[in-house]
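Visitor: Hello! Could you walk me through this structure, one question at a time?

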Amino acid sequence: MHPARALLDSASQPDLMSTRLAHRLGLKQNPINITLIGAGQSSTSVKKSVQAKISSRTNPYELNADFLIVDKLIGNLPAHDVHMDKWQLPSNFMLADPQFSKSAPLDLILGARHYHTFFQSGAQYKISSSLPVLIESVFGWIVSGSASSSNSNPEICNASSVICMSTLEESLERFWKVEELHGRDGYSTEERYCEKLYRETTQRDDTGRYIVRLPKQPDFEEKLGLSKASALRRFTMLEKRLERNPDVKTAYHDFMREYLDLGHMTPINVPSDHESGYYLPHHPVFKASSSTTKTRVVFDGSSKTSTGYSINEILCVGPTVQDELLDIILQFRTYKVALVGDITKMYRQILLHPDDRKYARICFRFTPHSPIQYYELNTVTYGLSPSSFLATRTLLQLATDEGTAYPVAATALKRNFYVDDFIGGADSVEDARRLRVGLGELLRKGGFELRKWTSNRLDVLKGLTAD
């Protein structure tokens, strides 16, 4: 059991713990990614949380809570030591914090979700008209309010607001005036960086296709080690596996040949063993339910480099920019005419900036007797951590850039897609048909193609060729 000093805050959404206390307790820390907004809209990125049990030292009260870990919760409370020469506290009152008058840092902030459980009796005791109120809580009697001081310095006098495990309006206004879980966009600092980088660096080529940059963490170059030798070992093992299974080998080679023929990868000269870049190991996956490609090639961005870091660990993931699947499904159920389709090879319709293609290299050859050939992948690639963000964010950008001419389709592009799947509809066959045509035309502006159209009304699909 470790003693801790806490603030009971009826306005705080999360429960917070200081980094100092978390280290002292030695609790298991769980990774999270949350942004807290404090006074003046200042933001704090929270990366860790812990679970802990809080017990009262005066009553049989226990509380299990999840705490966000923050370096510094708030300024010392009270701001200065409070002189208690003229205070007459009842001797039989068990104080929650016997040292409440001493200026000291806080260890915990216990938030609104538990606040109502702290005051069960409702008992209060007024010392005098100029002194704080004592309130009975499950932790003992707490002291809340403002206290005048005999100190001649008016600044110190005014700052001597007393708080012990209770809400102090003056201090909260000053430090956590608008404290809340980030409700404006829900983005962490890293996610906001990804959004900013996308807006500032994304380009389009002459055909309308988008060209995007990989969002890298600040220490990307320092942490990115060598990976070529590891990728070669993995390819040698893969090649032996393919030789034992001719059907898989044929499907694998067909997939890679299509990649090459479509310009989604380009051969490069044999690179130096120490040249900066990242080499993606790859392997087959099988999807029997697919009506198009049964065997796919998956690229492994989680393979470690010589520094112990994979590229996925030093790239930024990016925020989720599409609606939740449940919201999309619930909305889908409101349409009288259902309409479903998907974008063919969505990731691969988005180009990777030439400067970032060295971080998406592979080694491959079509026959075991040929020299190993090296390639750079030219498009957004499955297996890299920011790929989902880059692809889905590009759909939203297309709706913004070209949506003026297709307002209904642009709205559907923003609200009715889950990754590459369109899940929408309309209230009539004619409206659904117009939506299908408009979506197709809008997506083609960015180099995307919608296929596999399905509807509960066959009239909607008139004029379509078989996918």
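Guide: Gladly! This is a predicted model, and we can begin with tyrosine 198, which sits in helix α5 (residues 189-201).

Visitor: Is tyrosine 198 buried or exposed?
Guide: Let's compare its accessibility with the cut-off. A residue counts as buried when its relative accessible area is under 20%. Tyrosine 198 has a relative accessibility of 2%, so tyrosine 198 is buried.

Visitor: Which residues does tyrosine 198 touch, leaving out those up to four places away in sequence?
Guide: One of them is Phe389. Phenylalanine 389 is 191 residues away from tyrosine 198 along the chain, yet their C-alpha atoms are separated by 9.8 Å. The full list of residues touched by tyrosine 198 is Tyr210, Val212, Phe389, Leu390, Arg393, Thr394 and Gln397.

Visitor: How far does α5 reach from its first C-alpha to its last?
Guide: Helix α5 has 13 residues. At 1.5 Å a residue, the expected span is 18 Å, and the helix comes close to that. Its reach in the model is 18 Å.

Visitor: Where on α5 do the buried residues lie, on the same side or on opposite sides?
Guide: The buried residues of α5 are Glu191, Cys194, Glu195, Leu197 and Tyr198. They cover an arc of only 160 degrees around the axis, so they lie on the same side of α5. Across from them, Arg199 and Glu200 are exposed on the other side.

Visitor: Why can residues that are not next to each other in a helix point the same way?
Guide: It comes down to how an α-helix winds. There are 3.6 residues a turn, so the ones that point the same way are three or four places apart.

Visitor: What do the buried residues of α5 pack against?
Guide: The contacts of tyrosine 198 offer a clue, because contact means heavy atoms within 4.5 Å, and those contacts include Tyr210 and Phe389. For the buried residues of α5, the packing partners are β13 (210-212) and α11.

Visitor: How many residues of α11 are buried?
Guide: Helix α11 has 16 residues and reaches 22 Å from its first C-alpha to its last. Its buried residues include Phe389, Leu390, Arg393, Thr394 and Gln397. The helix is largely enclosed by the rest of the structure, because the number buried is 12 of the 16.

Visitor: Which residues touch the most other members of the largest nonpolar core?
Guide: This core has 72 residues. Helix α11 (residues 387-402) gives the most to it, with 7 residues. The members that touch the most others are Leu413, Phe417, Leu439 and Leu443.

Visitor: Which residues does phenylalanine 417 touch, again leaving out those up to four places away in sequence?
Guide: Two of its contacts, Leu439 and Leu443, are also among the residues that touch the most other members of the largest core. The whole set for phenylalanine 417 is Gln322, Ile328, Ile343, Leu395, Ala412, Phe422, Leu439, Leu443 and Leu450.

Visitor: How many residues are in the second, separate core?
Guide: Look for Leu8, Val50, Tyr61 and Leu110, which are included in it. The number of residues in this second core is 21.

Visitor: Which element gives the largest share of the lining of the largest pocket?
Guide: About 610 Å³ of space lies in this pocket. It is lined by 26 residues, with His2, Pro3, Ala4, Arg5 and Ser55 nearest its centre. The elements giving two or more residues to the lining are α1 (19-25), β4 (43-55) and β6 (108-110). The largest share, 4 residues, comes from β4.

Visitor: Where is lysine 345, which has a positive phi although it is not a glycine?
Guide: Its phi is about 45 degrees. Lysine 345 counts as partly exposed, because its relative accessibility is 28%. Its place is the loop between β17 (337-343) and β18 (351-352).

Visitor: In which strand is lysine 452?
Guide: Lysine 452 also has a positive phi, of about 55 degrees, and is not a glycine. With a relative accessible area of 27%, lysine 452 is partly exposed. Its strand, covering residues 450-455, is β23.

Visitor: Which residues is asparagine 456 in contact with, beyond its neighbours within four places in sequence?
Guide: Asparagine 456 lies in the segment after β23. Its C-alpha atom and that of valine 337 are separated by 6.4 Å, although the two are 119 residues apart along the chain. The contacts of asparagine 456 are Lys336, Val337 and Ala338.

How values were computed
Residues numbered from 1 in each chain as written. Predicted model: local features only at pLDDT ≥ 70, side-chain atom pairs only at ≥ 80, totals over all residues. Heavy atoms only, no water. Buried < 20%, exposed > 50% of the residue type's maximum accessible area, 1.4 Å probe, protein only. Core = buried A, V, L, I, M, F, W, Y, C linked by side-chain atoms within 4.5 Å. Expected span 1.5 Å × (residues − 1). Arc of directions from axis to C-beta. 1 Å grid on protein atoms, 1.4 Å probe; cavity = no way out; pocket = protein on both sides within 12 Å on 5 of 7 lines; lining within 4 Å. Points joined across faces, edges and corners; volume = space filled by probe spheres on them.
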